[in-house]
Amino acid sequence: MPQYWLMKSEPDEVSIDDALAAPGATVAWTGVRNYQARNFMRDGMKVGDGVLFYHSSCPEPGIAGIARVASGIKPDPTQFDAKSPYYDAKSKPEDPRWLLVDVQAVRKTRLLPLPELRARPELAELVILRKGNRLSITPVEPAHWKVIEKMLG
DNA sequence: GCCAACGTTGGC
DNA sequence: GCCAACGTTGGC
C-alpha cells in the first residue's frame, strides 16, 4: 500500500528545479526541526512513497512537482554543523535528534497555487489547508493525491 | 511588514 | 506539570 506525503520547501533553498538538477534528481531533506514532522519521516515513510513537492514562503506558494521518498531515515548532518542555521547544540552524534530522508524529484508540474487547492471541496480535509497548520511534512490521503494528480494534468 | 496560530522554553 | 513569554512559520 503506497503512502503519500506533502513536503514543504522554500524554493530559495531547494526548489523543484534544484532537486531535478541534483545528481540522480535526489536531495537530502535537511532542516526538519519539528518533532511531529520528524516522526512522520521516522514512523511513516517508506522508500517509494509519493511526495507532493510544495513551494512555501515565496511569491506563489503551491505544489510545484511530484517526487518520491528515495531512502530510509538518516541523521541530518546539519544539526552538528555549528555554521549551519539548522545547528542544534543539544543534539549529540551518538543520539541524533533530527533525521532526514532522501527525496527524488520525479517531475516538475505546473504550479498549483493554494487558492486553487482551497477551491476544491474534495480537498477540504487536506492537512495543509486546515486552519493554523504549519507542519512542513504532512500525510496525504490517497483520494486527495488522486484529485491533485488530476488537477496537475 | 503584519499577524494568527503554533511550538518551545524555563521559572515556579 | 502549569503556563506566560518568546520564537517561528507562512500566507497575505
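The paragraphs below lead through a predicted model of a protein with DNA, from the sheet to the DNA strands and then to the largest pocket.

The sheet is a suitable place to begin. It is open and built from six strands, which follow one another in the order S2-S7-S4-S3-S1-S8 with mixed pairing. The edges are occupied by S2 and by strand S8 (137–140), each of which has a single partner strand, so one side of each is left without a neighbour in the sheet. From one strand to the next, the twist averages 35 degrees. Within this arrangement, strand S3 (residues 50–55) and strand S4 (residues 62–69) pair in the antiparallel sense, and six bridges join them; Gly62 in S4 is the bridge partner of His55.

The DNA can be taken one strand at a time. Around DNA strand C lie Lys8, Tyr54, Ser56, Ser57, Pro61, Leu114 and Arg134, a set that divides into three nonpolar, two polar and two charged residues. Of the atoms of this DNA strand that lie within 4 Å of the protein, 71% belong to sugar or phosphate, and the rest belong to bases. Several contacts with phosphate oxygens of DNA strand C can be followed individually: a polar side-chain atom of Tyr54 lies 2.7 Å from one phosphate oxygen, and a polar side-chain atom of Lys8 lies 2.9 Å from a phosphate oxygen. Ser57, by contrast, contributes a backbone N or O atom, which lies 3.0 Å from a phosphate oxygen of DNA strand C.

DNA strand B is surrounded by Tyr35, Gln36, Lys90, Lys131, Gly132 and Arg134, and sugar and phosphate make up 72% of its atoms that come within 4 Å of the protein. The residues of this surface comprise one nonpolar, two polar and three charged. An N or O atom in the side chain of Lys131 is 2.7 Å from a phosphate oxygen of DNA strand B, whereas Arg134 places a polar side-chain atom 2.7 Å from a base oxygen of DNA strand B. Arg134 is also listed among the residues around DNA strand C.

There remains the largest pocket, which holds about 530 Å³ of space. Its lining consists of 21 residues, and those nearest the centre are Lys8, Ser9, Gly31, Tyr86 and Ser136. Strand S1 (4–9) and strand S2 (26–28) are the elements that give two or more residues to this lining. By residue class, the lining divides into nine nonpolar, seven polar and five charged. Lys8 therefore links two parts of this description, as defined by a 4 Å cut-off for residues near a strand: Lys8 lies around DNA strand C, and Lys8 is also among the residues nearest the centre of the largest pocket.

How values were computed: Residues numbered from 1 in each chain as written. Chains lettered and ligands numbered in written order. Predicted model: local features only at pLDDT ≥ 70, side-chain atom pairs only at ≥ 80, totals over all residues. Heavy atoms only, no water. Polar contact = N/O pair within 3.5 Å; in protein donor to acceptor, adjacent residues only side chain to side chain. Nonpolar A, V, L, I, M, F, W, Y, C, P; charged D, E, K, R; others polar. 1 Å grid on protein atoms, 1.4 Å probe; cavity = no way out; pocket = protein on both sides within 12 Å on 5 of 7 lines; lining within 4 Å. Points joined across faces, edges and corners; volume = space filled by probe spheres on them. Helix = DSSP H or I, 4+ residues; strand = E, 2+ residues; numbered from the N terminus. Pairing = 2+ DSSP bridges. Axes fitted to C-alpha atoms, helices over the stretch in contact; angles between N-to-C directions.
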